[in-house]
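Thanks for making the time this morning. I would like to walk through one structure with you, going from a helix to a sheet and then to a pair of helices.

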Amino acid sequence: MARMLVVDDEESLRDSLRRALGRQGHTVDEASGVKEAADKLQDGTFDLLLTDIRLKDGSGLDLVAHARRACPAVRIVVMTAFGSVNVAVDAMRLGADDFLEKPFRMEAVLHRLARALEAAQLARRVERLERENEILRDELEAPAEDGGLVGASPQMERVRALIGRLAASDASVLIRGETGTGKELVARAIHRLGPRADRPFVAFDCSTFAEGVLESELFGHEKGAFTGADRRRIGRFELADTGTLFLDEIGDLALPVQVKLLRVLQERAFQRVGGTETVTVNVRVVAATNRDVEAAMREKRLREDLYYRLNVVTVHVPPLRERREDIPALVQLFAARYGRRPGGAELVVVPEAMAALQAYSWPGNVRQLENVMHRATVLCRDGLIRLEDVALELAEGSPSPTSPAPFTSDLRATLDAVEQELLQRAIREHHGNLTAAGRSLGIERNLLRYKLRKHGLR
């Protein structure tokens with residue numbers, strides 16, 4: 001059902017319309033003049049505005065123009081005296097969707113308003129689809145479904161078994177692990193195996209946006225809520241309704257946003273920034289962090305009540321160095337993913353290269369291994385991945401028994417400085433859009449995020 005605003009200086013007409021529309025299940029608010037109606041449009045969200053042209057304190061045409069600017073999605077129907085077709089045409093030019101000639105039968109009014117509401121619902125669906133498409137453009141570069149969960153080590157067997165038990169539940173989950181271990185893949189697996197599998201999965205990186213933007217990104221905002229808010233925007237919680245919302249790097253949330261997030265988790269309802277309408281959602285929240293949350297709580301950077309609300313069940317994703325027996329399977333997976341040759345021939349990793357990969361400490365975990373293998377598939381010759389094809393990346397990190405000597409400190413510092421400058425320039429040119437910045441650099445969004453964190457860039 002819809003929320004409507006009826007504007008007319010005749011109290012009896014407003015009362016008749018309110019009762020007739022109320023019987024159909026609509027919520028009806030009233031105003032007798034332009035100023036009162038404009039104030040109510042500013043403070044609330046309406047699906048439909050029904051207004052007379054002649055009002056006690058001004059013209060309904062001014063109200064039509066104001067409503068179209070203030071509430072782009074609202075449907076507007078004007079009421080005019082019999083024979084005032086020219087005025088009705090003026091109203092349509094200002095943004096009205098339909099008009100009614102007085103006097104009218106109530107049945108005709110209800111029919112015309114129902115038609116206008118159908119248009120309003122369609123406009124809201126279009127708005128939601130546009131926002132979903134915006135999110136999905138980022139999701140297209142999400143990590144592959146099973147890359148981080150590959151392996152037969154006891155640690156990964158325990159993780160997969162826990163995922164299977166958690167999937168059927170609706171409890172909040174906190175996934176803990178170092179950067180690059182595959183925490184988002186765990187969240188996707190929990191969603192995919194559960195009863196919400198055919199509903200939306202929306203991922204949101206809490207470390208990507210500045211504090212002033214976080215609340216709007218999570219909960220949405222109304223037009224005019226702040227400078228630059230030229231239209232209403234739907235947040236991640238609404239997009240994930242009936243599905244799963246994955247909050248990555250939850251430890252980076254500012255305290256004021258933590259307060260609002262806690263309230264949403266408790267009440268399953270919120271208001272968009274700058275709005276008064278209460279939005280109710282049914283969302284399963286899965287959060288992740290690479291932080292020391294116990295230290296964060298001691299230092300009052302993470303609210304304890306929010307932590308316990310999110311941490312009904314914890315999944316610990318082990319770092320790659322603690323499950324080295326899984327490295328060969330991951331190497332073969334990435335070699336096949338990036339290095340398939342014409343005719344379907346697979347690349348072969350020579351024993352020396354595999355030994356070096358298994359001996360390395362992998363501070364960037366599975367994500368770093370994937371990057372190394374992607375590069376190796378480009379550099380290799382004759383279908384063989386040799387030690388020199390993987391040694392470049394290995395030399396940049398902590399040395400291992402089988403890795404070659406590292407670069408000189410001067411050269412490494414120079415390369416790091418060049419990489420930082422390229423990263424910063426791409427982020428600036430694309431106004432913080434990681435997907436577009438990564439595309440301009442020829443790397444995937446997740447690799448770009450890893451490099452930003454590697455250099456301490458935000």
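Let me begin with a term: a residue is called buried when its relative accessible area is under 20%, computed with a 1.4 Å probe on protein chains only. Please keep in mind throughout that what you see is a predicted model.

With that cut-off, look at helix H7, which covers residues 183-192. Lys 183, Glu 184, Leu 185, Val 186, Ala 187, Arg 188, Ala 189, Ile 190 and His 191 are buried in H7. That is nine of the helix's 10 residues, so H7 is largely enclosed by the rest of the structure.

Where does Phe 246 lie? Phe 246 belongs to strand S10, residues 244-248, and is buried, its relative accessible area being 0%. If we set aside the neighbours within four places in sequence, the contacts of Phe 246 include Lys 183, Glu 184 and Ala 187, three residues that are also among the buried ones of H7. Phe 246 further touches Ile 175, Phe 201, Val 202, Ala 203 and Phe 204, as well as Val 286, Ala 287 and Ala 288.

Val 286 deserves a separate word, since this residue of strand S13 is the bridge partner of Phe 246. The two are 40 residues apart along the chain, yet their C-alpha atoms are separated by 4.8 Å. S10 and S13, the latter spanning residues 284-289, run parallel and are joined by four bridges.

Both strands sit in an open sheet of five strands, ordered S9-S10-S13-S8-S14, with parallel pairing. At the edges are S9 (201-205) and S14 (313-316), each of which pairs on one side only. On average, and ignoring direction, neighbouring strands in this sheet are turned by 20 degrees against each other.

Elsewhere, strand S1 (residues 3-7) pairs with strand S2 (residues 27-31) in the parallel sense, over five bridges, and Val 7 stands opposite Ala 31 of S2. Together with helix H1, residues 11-23, these two strands make a right-handed β-α-β unit.

Finally, a helix pair: the axes of H13 (residues 327-339) and H15 (residues 365-379) come within 9 Å and cross at roughly 45 degrees, which means that H13 is oblique to H15. The crossing is right-handed. Among the residues making this contact are Ile 327, Leu 330, Val 331 and Phe 334 on H13, and Val 366, Leu 369, Met 373 and Thr 377 on H15.

Terms used:
Residues numbered from 1 in each chain as written. Predicted model: local features only at pLDDT ≥ 70, side-chain atom pairs only at ≥ 80, totals over all residues. Heavy atoms only, no water. Buried < 20%, exposed > 50% of the residue type's maximum accessible area, 1.4 Å probe, protein only. Pairing = 2+ DSSP bridges. Right-handed = clockwise from strand over helix to strand, strands pointing away. Axes fitted to C-alpha atoms, helices over the stretch in contact; angles between N-to-C directions. Parallel < 35°, antiparallel > 145°, perpendicular 65-115°, else oblique. Left-handed = near helix turned anticlockwise from the far one by under 90°. Contact = heavy atoms within 4.5 Å.
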